[in-house]
Amino acid sequence: MTAPGTPAPGPAAGPIVTTGIPAGPGGVMTVEVGVITGDLTLRTTWDGRQALLTVTYDGAEEWYTVQGAPVPAATRVAAQAAHQAMAHAVRRGGAATADGLSD
């Protein structure tokens with residue numbers, strides 16, 4: 001597990017995961033359940049072409065797809081950048097989505 005707010009080692013080691021992200025007012029919009037709020041964990045999985053961004057409540061096991069994901073990511077660096085941008089969007093809230101995140 002990573003320290004709160006700290007991304008896991010590079011995506012080559014598997015998914016990028018940031019825990020303990022306080023969602024801003026209005027939270028994050030998900031495909032499956034709509035808006036979620038509170039302290040969230042963001043996970044980004046890269047398949048070589050795109051980055052799938054998912055969120056869960058800290059400590060929970062069920063993951064939800066962020067609206068607008070997956071996003072194009074031609075490289076692992078692009079996937080990391082999408083992860084960081086989404087983490088900032090989560091902190092801002094406003095029913096944050098992955099729309100517009102790409103390499």
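**View 1. Strand β4 and its partner β1.** In β4, Arg43 is the bridge partner of Val17, and this contact between strands belongs to a predicted model, as does everything shown in the views that follow. Strand β1, which covers residues 16–22, is joined to β4 by 5 bridges, and the two strands run antiparallel. Arg43 can also be followed through its side chain, since its charged end sits over the ring of Trp63, at 3.9 Å from the centre of that ring. When looking along such strands, it helps to remember that in a regular strand the side chains alternate between the two faces of the sheet.

**View 2. The hairpin of β4 and β5.** Strand β4 pairs with β5 as well, again in the antiparallel sense, and here the pairing extends over 7 bridges. Within this pairing, Thr41 stands opposite Thr56 of β5. The two strands form a hairpin in which 3 residues lie between them, and in the turn Gly48 has a positive phi of about 100°.

**View 3. Helix α1 from end to end.** Helix α1 is made of 17 residues and reaches 24 Å from its first C-alpha to its last, which is close to the 24 Å expected at 1.5 Å a residue. Just after the helix comes Gly93, which takes a positive phi of about 80°.

**View 4. The buried residues of α1 and what covers them.** Several residues of α1 are buried, namely Ala78, Ala79, Ala82, His83, Met86, Ala87, Ala89 and Val90. The elements that cover these buried residues include the strands β1, β2 (28–30), β4, β5 and β7 (71–72).

**View 5. Ala81 on the helix.** Is Ala81, a residue of helix α1, buried or exposed, or does it fall in between? Ala81 has a relative accessible area of 46%, and because buried means under 20% and exposed means over 50%, this residue counts as partly exposed. Its C-alpha atom is separated by 8.7 Å from that of Leu101, although the two residues are 20 residues apart along the chain.

**View 6. The largest nonpolar core.** Which residues have the most contacts inside the largest nonpolar core? They are Leu53, Met86 and Ala98, in a core that has 24 residues. The elements that give two or more residues to this core are β4 (39–46), β5 (50–57) and α1 (76–92), and it is α1 that gives the most, with 7 residues. Met86 can be recognised from View 4, where it was listed among the buried residues of α1.

Key:
Residues numbered from 1 in each chain as written. Predicted model: local features only at pLDDT ≥ 70, side-chain atom pairs only at ≥ 80, totals over all residues. Heavy atoms only, no water. Core = buried A, V, L, I, M, F, W, Y, C linked by side-chain atoms within 4.5 Å. Buried < 20%, exposed > 50% of the residue type's maximum accessible area, 1.4 Å probe, protein only. Pairing = 2+ DSSP bridges. Lys NZ or Arg CZ within 6 Å of the ring centre and 35° of its normal. Expected span 1.5 Å × (residues − 1). Contact = heavy atoms within 4.5 Å.
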